[in-house]
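Open your viewer, switch to a cartoon view and keep the selection box at hand. We will make a few stops together, one selection at a time.

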Amino acid sequence: MRLFLDFEKPVAEIEAKIEELRQVASNEDAIPIGDELTRLEVKAAQALAELYKTLTPWQKTQVARHPQRPHFSDYCRSLMTDFTPLAGDRAFGEDEAIVGGLGRFRGRAVCLIGQEKGSDTDSRIRHNFGMAKPEGYRKAVRLMELADRFNLPVVSLVDTAGAFPGIEAEERGQAEAIARSTEACLELGVPNVAVIIGEGGSGGAIAIAAANAVIMMEHAIYSVISPEGAASILWRDPARAQDAATSMKITAQDLLRFGIIDAVVAEPAGGAHSDPGAAIAAAGDAVEAALAGFDGWSRERIQAARADKFLAIGRR
């Protein structure tokens, strides 16, 4: 059953009427209501499409966090073949908030890394809601160095509210681990492509998103801090998160205009959660095109292009 967000209430009401009519139509003695059912279905689709054309930054934040939005595991199952997950940082332990491994993406051998939020209570707890600890970022560094050694492109799927802020993470060197992971991204001699598939939160995101090409899903967000966190700092009132989201320019459209990202992938009407298969396929097409653009490039050219890209941010 689809979960509707608060601003989707008008569509939810139409969908409820559609469901009632379907139940009536399933009765053998019911009068024909096919035309009315079709009319309501068209009306619901149109209302949803119109609603998603004019989403505010705060509404996009809600869509990016939608629990039914496809996560790393969904993308991995749909886009990868022969995927072999690799675990552990070879220093402390395994962090399931970041998942990574080697496999084939549309015939091309790649290293895939990303945050996994989980889809139910058990998996969310196991993956720590996608908030990685130092061992998660050190695992990412290990996988990127492995990919670089064997000349494999790196694809990162970013979906995190931020790095885990707990005491144990700080004790094990959270800031240093994030910095090392960011450095590993920037030093790769192979092309890397990052896709913001949901939330791109703070250093937790940039640690695996400092890539040659940074792509965002249409209703994803990417920011240095959450709207709630920014509101708490600026106004000492997290209830003003909506104002913060508007002021921070966290949407894909704003970030493309500022040159922070390189491309935006259109989502189905109603967001990626309304048609995960179509959203994942569109993201796959964007990644394939981005990787193809680096075919034949030397290591030095790839590194120089990545450095120029990030040094240019803020200078425009």
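Between which two helices does the loop holding Asn128 lie? Select Asn128 and follow the chain both ways: the loop runs between helix H5 (121-126) and helix H6 (134-149). Bear in mind as you look that this is a predicted model.

**Stop one: two asparagines**

Stay on Asn128 and check its backbone. Most residues other than glycine have a negative phi. Asn128 has a positive one, near 55°. Is this residue buried or exposed? With a relative accessibility of 18%, Asn128 counts as buried, because the cut-off for buried is under 20%.

Now select Asn151, in the loop that links H6 to strand E4 (154-160). Here too phi is positive, near 60°, in a residue other than glycine. Asn151 is exposed, however, at a relative accessible area of 56%.

**Stop two: Tyr75 and its surroundings**

Next, pick Tyr75 in helix H4 (residues 72-79). Its relative accessibility is 1%, so Tyr75 counts as buried. Which residues does Tyr75 touch, leaving aside those up to four places away in sequence? Show Pro70, Met80, Leu157, Ile197, Met217, Ile280 and Ala283 as sticks to see them. For a sense of scale, draw a distance from the C-alpha atom of Tyr75 to that of Glu135: these residues are 60 apart along the chain, and the two atoms are separated by 23 Å.

**Stop three: helix H13**

Two of the residues that Tyr75 touches, Ile280 and Ala283, are among the buried residues of H13, so select that helix, residues 276-292. At 1.5 Å a residue, its 17 residues should span 24 Å, and its end C-alpha atoms are indeed 24 Å apart. Colour its buried residues: Ala279, Ile280, Ala283, Gly284, Ala286, Val287, Ala290 and Leu291. Then turn the view to look down the axis of H13: the buried residues fall within an arc of 165°, so they line one face of the helix.

**Stop four: a pair of packed helices**

Finally, select helix H3 (residues 57-64) together with helix H11 (residues 241-248). How far apart are their axes, and at what angle do the helices pack? The axes are 8 Å apart and the angle is about 100°, so H3 and H11 are roughly perpendicular to each other. On the H3 side, Pro57, Trp58 and Thr61 make the contact, while H11 brings Ala241, Gln242, Ala245 and Thr246. Coloured by type, the residues of this contact come out as four nonpolar, three polar and no charged.

Key
Residues are numbered from 1 along each chain as its sequence is written. This is a predicted model: local features need pLDDT of at least 70, side-chain atom pairs count only at pLDDT 80 or more; totals for chains, interfaces and linings use all residues. Side-chain values use heavy atoms; hydrogens and water are left out. Axes are lines fitted to C-alpha atoms, for helices over the stretch in contact, and angles run from 0 to 180 degrees between N-to-C directions. Helices (H or I, at least four residues) and strands (E, at least two) are DSSP runs, numbered from the N terminus. Angles under 35 degrees count as roughly parallel, over 145 as roughly antiparallel, 65 to 115 as roughly perpendicular and the rest as oblique. Contact means heavy atoms within 4.5 Å. Ala, Val, Leu, Ile, Met, Phe, Trp, Tyr, Cys and Pro count as nonpolar, Asp, Glu, Lys and Arg as charged, and the others, Gly among them, as polar. The expected span of a helix is 1.5 Å times one less than its number of residues. Buried means under 20% relative accessible area, exposed over 50%, partly exposed in between (1.4 Å probe, protein chains only). The arc is that of the directions from the helix axis to the C-beta atoms.
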